[in-house]
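Student: Please take me through the model below in questions and answers, with the cut-offs behind each term as it comes up.

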Amino acid sequence: MSTATSTDTQTVALSAADSHDLIRVHGARENNLKDVSVEIPKRRLTVFTGVSGSGKSSLVFDTIAAESQRMINETYSAFVQSFMPTLARPDVDVLEGLTTAIIVDQQRMGADPRSTVGTATDANAMLRILFSRLGQPHIGSPKAFSFNVASISGAGAVTVERGGKKVKERREFSITGGMCPRCEGRGTVTDLDVTQLYDDTKSLNGGALEVPGYKSGGWNHRLYAESGLVDPDKPIREYTERELHDFLHREPTRMKIAGINMTYEGLIPRIRKSMLAKDKEAMQPHIRAFVERAVTFTACPECDGTRLSAAARSSKIDGISIADACAMQISDLAEWVRGLDEPSVAPLLTSLAHTLDSFVEIGLGYLSLDRPAGTLSGGEAQRVKMVRHLGSSLTDVTYVFDEPTTGLHPHDIQRMNTLLLRLRDKGNTVLVVEHKPEVIAIADHVVDLGPGAGAAGGTVCFEGSVDGLRAAGTLTGRHLDDRARLKETVRAPSGVLEIRGATTHNLRGVDVDIPLGVLCVVTGVAGSGKSSLVHGSIPAGADVVSIDQSPIRGSRRSNPATYTGLLDPIRKAFAKAGGVKPALFSANSEGACPACNGAGVVYTDLAMMAGVATTCEECEGKRFEASVLEYKLAGRDISEVLAMPVSEAEEFFGAGEARTPAAHRILRRMADVGLGYLTLGQPLTTLSGGERQRLKLATHMGDKGGIYVLDEPTAGLHLADVRQLLGLLDRLVDSGKSVIVVEHHQAVMAHADWIIDLGPGAGHDGGRIVFEGTPADLVAARSTLTGEHLAEYVGA
């Protein structure tokens, strides 16, 4: 009796545990989600799809992954939590069945000059230990091989208590680091081009200084003009040697200038501290333009760009120094490590070889460990983050990926699919946000969001199998089997852009003529040298508009209107209509609501608990002072205009009383790139990756230039949006522009007038032109990997 009961209880207990096979989401309302409820099977591969801006990232990252991370953080003590980032609970009614989430997103790696592929993945840490044990001559601990540790030494008196007495002793210490003393581990040294700092034919009072922020009358200018060290009315070229030294190089000196005690410092060290010590990408555009003009970066002459001191480079294993090892292509380095037979460090060699093999397996064998992390593309950065998870023993974990095939050639997508399936087969839940049909095809479960973007999205259109999606008739389902056809006729070029002897990165003296006046696609496997050819070899003249993959930086105060420059003509139109200053119509300036400082919400900091954002009671979230909202343009106040979608604003500023041609032009460009649904005042922090890329494209389309260079413009685009992008590229070419696109998407290749294919492989196996010609010729020849995949795609 008792045995039977215990068995029954055991069975019930087992089935109760096994019933938690779903992640249940009910009533999700983050960003544009409209009370979304879904049930996601665990230990399966689920793909989330839908047009860009439909709510995929809001559901997967901002709801499921965010709550999982928040709940894990809450398991720590309040003391530990106070050191961790505070995470607010997502706006959702019920979330059940969550497991630990590991997020592998496309956020670029830090652009810190000392961050490399090796330091970001622990491969460098293992190499340093290896060289500290086996390197000859022996120079010290692993720190001696680190370009982040400087060599320091010192001596002095210390007081020690012994037997109740205080005794003074002399102590010495020294730390041997591997940092190159000249470039401080950066690998490059900067020189300032003084001709860009001032016009030596003019005097200081005559406006000689050409540095941003050093205009006549300002404090920066008065510091030099009224210092008494130089004659402010004498042209700089007539300065004596002493005057020029004081003006450019003088050490910081306290002195009285214009009746105020100030620190005077030479112009060059002052600019180095105020501008060159900052991250270039975070600077305002006009300051960044000045820095790019005035600063020249050259490889450090002392360490040849290796970042390491002479001592660190002198210690070798089998004739290879740590600098040589980091400069090797990772696939070659893996071979070298496997060739080392040292029982004393066997576990270290095994671990290092596994990490390096993971790079090769994930399709990044062409990188080198000394590659700066900030130079990796979004797709490469995401795959570098994947390296640490490939060999993990964890199971029953939720892995969340954000478009893992970004920047991958069709040939490499098969490999990525294998890795995703491998993670699933170990017993993990894999959630993937993706547009590529090749990835959707391997899904166990599909969640399709839409039907549109922004306010028109945020609902679940379909949930089920891939076959069910095909038959469902949703936008994704209809476009899933779309295949672009090859053009019957291609445009004739109007000229050529000659590139001769290109050797940037892995290019092998490439000679190529890029046709102008047509749509030219540069393609090839990841790491074959496409970006090196297009960004590193095309002369960046006044006629070239280059739109790369660097992310838009923006705070919650930035929005499409401020980023594109649209707010300026809008403010001027309101100011003209009301007879007041334009600054009143800026929520970041004079017109800001005093209670929330123009943010629209009031933030309450609750220490280690999640902060709370509440809508400002004074302005009701409109961000402007009440008096500003009394001024109207065609019956609308500034907050109503910023709440308009782009499509409505385009009509509003296109005709009638509010007609503003400058604003209408920018709005037309935003609608052209498929952003008609965005509201003008939506914070940039809420935009998806694809939306940010297209916003950048819309902004640059206004630049004056005959040659447009686009780097993977289909990143983050739904299959339906790609068709619209092709129409935009056609319009650009038909208007007389030359368009050069670095791209892997077969629909863009098929639509091209001319294709340049690089390869045949990646890294030192690439860097050569393997095909030049029309898409039809590439398909007919099938002589390259791209040709084979394109032929299969178009059904040739």
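Tutor: Domain bounds here come from an automatic or database domain assignment. A pocket is, on a 1 Å grid over the protein atoms alone, an open set of points with protein on both sides within 12 Å along at least five of seven lines, whereas a cavity is a set where a 1.4 Å probe fits but cannot get out; lining residues have an atom within 4 Å of a point. The model is predicted, so local features need pLDDT of at least 70 and side-chain atom pairs pLDDT 80 or more, while totals for chains, interfaces and linings use all residues. Residues are numbered from 1 along each chain as its sequence is written, and side-chain values use heavy atoms, with hydrogens and water left out.

Student: Between which domains does the second largest pocket lie?
Tutor: The domain assignment gives five entries, among them domain 2 (117-158 + 168-181 + 304-362), domain 3 (188-299) and domain 5 (555-686). Because the lining of the second largest pocket takes residues from two domains, the pocket lies between domain 1 (39-108 + 393-480) and domain 4 (482-552 + 691-795).

Student: How far apart are the C-alpha centres of domain 2 and domain 4?
Tutor: Domain 2 is assigned in three segments, 117-158 + 168-181 + 304-362, and domain 4 as 482-552 + 691-795. Their C-alpha centres are separated by 40 Å.

Student: What is the volume of the second largest pocket, and which residues are closest to its centre?
Tutor: A volume is the space filled by probe spheres set on the grid points, which are joined across faces, edges and corners. For the second largest pocket that volume is about 690 Å³. Its lining holds 29 residues, and those closest to the centre are Asp482, Arg483, Ala484, Ala747 and Tyr793.

Student: Which helix gives the largest share of that lining?
Tutor: Helices (H or I, at least four residues) and strands (E, at least two) are DSSP runs numbered from the N terminus. At least two lining residues come from each of helix 15 (410-425), helix 16 (437-440), helix 17 (466-472), helix 26 (719-734), helix 27 (746-751) and helix 29 (785-794). The largest share, four residues, is that of helix 26.

Student: How many residues of the lining of the second largest pocket are charged?
Tutor: Ala, Val, Leu, Ile, Met, Phe, Trp, Tyr, Cys and Pro count as nonpolar, Asp, Glu, Lys and Arg as charged, and the others, Gly among them, as polar. On that basis the lining divides into 13 nonpolar and six polar residues, while the charged ones number 10.

Student: Where does the largest cavity lie, and which residues are nearest its centre?
Tutor: The whole structure holds six cavities of 30 Å³ or more, and the largest encloses about 170 Å³. Domain 1 and domain 4 both contribute to its lining, so this cavity lies between them. The lining divides into five nonpolar, eight polar and five charged residues. It comprises 18 residues, and nearest the centre are Lys436, Thr714, Ala715, Gly716 and His745.

Student: What is the volume of the second largest cavity?
Tutor: Residues that line the second largest cavity include Arg557, Phe585, Arg623 and Leu642. Its lining divides into five nonpolar, four polar and two charged residues, and its volume is about 60 Å³.

Student: In the open sheet 21-24-25-20-26-27, which residue of strand 26 is the bridge partner of Val522?
Tutor: Two strands pair if DSSP finds at least two bridges between them, and this six-strand sheet has mixed pairing. Its edge strands, each pairing on one side only, are strand 21 (544-547) and strand 27 (768-773). Strand 20 (519-524) and strand 26 (754-759) run parallel over five bridges, and Val522 is partnered there by Ile756.

Student: Which residue of strand 17 stands opposite Val447?
Tutor: A second open sheet has six strands in the order 5-14-15-3-16-17, again with mixed pairing. Strand 5 (101-104) and strand 17 each have a single partner strand, so one side of each lacks a neighbour in the sheet. Strand 16 and strand 17 pair in the antiparallel sense over five bridges, and opposite Val447 stands Glu463.

Student: Which residues does the cis peptide bond with omega about 0° join, and where does its proline lie?
Tutor: A cis bond also leads from Gly450 to Pro451, with omega near 0°, and Pro451 is in the loop between strand 16 (445-450) and strand 17 (459-464). The bond you ask about joins Gly759 and Pro760, and Pro760 lies in the loop between strand 26 and strand 27.
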